[in-house]
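Welcome to this tour! Open your viewer, get your selection tool ready, and follow along stop by stop.

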Amino acid sequence: MALGKIKADQLEHSTAGTVDTQYVVNGSAKVLGNLQADGSSNTAVSLNISSVTDGSAGLNTVAVTNAFTAALAVSALIANHDSSYNRTHTVDDTSASSFITRSVTASGGTLTDVNPAHSIAFFGDLA
C-alpha cells in the first residue's frame with residue numbers, strides 16, 4: 001500500500017474557524033519532554049527525544065531524534081516549583097541535534113538537580 005500526501009494551505013473546522021497550515025507547521029513544538037533529576041525522560045510526555053544523559057548535578061544533555069535545520073533557536077523551559085529551592089533554569093550549548101539544561105540555585109548559582117522534574121519545549125524547523 002502506497003502512502004499519499006495531503007496538501008492544503010488551510011485547515012477549516014466546522015465551528016472553530018480556519019487557520020493557515022503555516023501556523024500549524026511553524027507554531028508546533030518539535031521537542032517536548034519532562035526531565036527528571038536523574039537524567040531520565042518521562043516518555044509519557046516525550047516527543048522527538050532520543051536520549052537524556054545525566055551529566056552532573058544540575059546538568060542534563062538531551063539528544064533529539066530528528067535534528068533541526070540549525071542550532072535550536074527558540075526554547076521554553078518550565079520548572080515545577082519546589083519550595084526548598086529558588087532556582088534558575090537555562091538551556092545551553094544548543095546544536096541542531098542536542099542541548100543541555102542547566103539548573104542552579106538562584107542565591108548562590110550552585111548547580112543542583114531538579115526535583116521535581118522540569119518540562120521543555122523547542123520550536124523551529126526540522127531538517
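**First stop: Ser46**

Select Ser46, which sits in the loop between strand 3 (31–35) and strand 4 (49–54). Strands here are DSSP runs of E with at least two residues, helices are runs of H or I with at least four residues, and both are numbered from the N terminus. Ser46 has a relative accessible area of 27%, so it counts as partly exposed. On this scale, buried means under 20% relative accessible area, exposed means over 50%, and partly exposed lies in between, with a 1.4 Å probe and protein chains only. Now add Asn34 to your selection: Ser46 and Asn34 are twelve residues apart along the chain, and their C-alpha atoms are separated by 6.8 Å.

A word on what you are looking at: this is a predicted model, in which local features need pLDDT of at least 70 and side-chain atom pairs count only at pLDDT 80 or more, while totals for chains, interfaces and linings use all residues. Residues are numbered from 1 along each chain as its sequence is written, and side-chain values use heavy atoms, with hydrogens and water left out.

**Zoom out: the whole chain**

Switch to a cartoon view of the protein chain. How many helices and strands does its secondary structure hold? There are one helix and nine strands. Starting at the N terminus, the order is β-β-α-β-β-β-β-β-β-β. The chain has 127 residues, and 27% of them are buried. Its exposed area is about 7800 Å², of which carbon and sulfur atoms supply 52%. That area comes from the Shrake-Rupley method with a 1.4 Å probe; for residues, only the protein chains shown count as cover.

**Into the core**

Next, select Val31, Leu35, Ile49, Val52, Val62, Val64, Phe68, Phe99, Ile120 and Phe122. These ten residues form the largest nonpolar core. Such a core is a set of buried Ala, Val, Leu, Ile, Met, Phe, Trp, Tyr and Cys residues joined through side-chain atoms within 4.5 Å. Strand 3, strand 4, strand 5 (59–64) and strand 9 (118–123) each supply at least two of the core residues. In soluble globular proteins, nonpolar side chains tend to be buried together.

Keep the core on screen and pick Val62. Leaving out residues up to four places away in sequence, Val62 touches Leu35, Ile49, Ser51, Val52, Ser97, Ser98 and Phe99. A contact here means heavy atoms within 4.5 Å.

One of those partners, Ser98, belongs to strand 8. With 21% relative accessibility, Ser98 is partly exposed. Measure from Ser98 to Val64 and you should find 5.8 Å between the C-alpha atoms, although the two are 34 residues apart in sequence.

**Two rings**

Now show Phe99 and Phe122 as sticks. The structure holds one aromatic pair. Ring centres of Phe99 and Phe122 are 4.0 Å apart and the planes meet at 45 degrees, so this pair is tilted. Rings of Phe, Tyr and Trp (its six-membered ring) pair if their centres lie within 6.5 Å; planes under 30 degrees apart are stacked, over 60 edge-to-face, and the rest tilted. Phe99 is in strand 8 (residues 98–105) and Phe122 in strand 9, so the pair ties together parts that are 23 residues apart in sequence. Are these rings buried or exposed? Phe99 is buried, with a relative accessible area of 0%, and Phe122 is buried too, at 1%.

**Ala29, a neighbour of Phe122**

Select Ala29, in the loop between helix 1 and strand 3. At 22% relative accessibility, Ala29 is partly exposed. Beyond its neighbours within four places in sequence, Ala29 is in contact with Leu47, Phe122 and Phe123. Ala29 and Ile120 are 91 residues apart in sequence, with 9.8 Å between their C-alpha atoms.

**Last stop: Asn48**

Return to the loop between strand 3 and strand 4, where you will find Asn48. Which residue other than glycine has a positive phi here? Asn48 does, with phi near 65 degrees. Most residues other than glycine have a negative phi, and most peptide bonds are trans. Asn48 is buried, at 11% relative accessibility.
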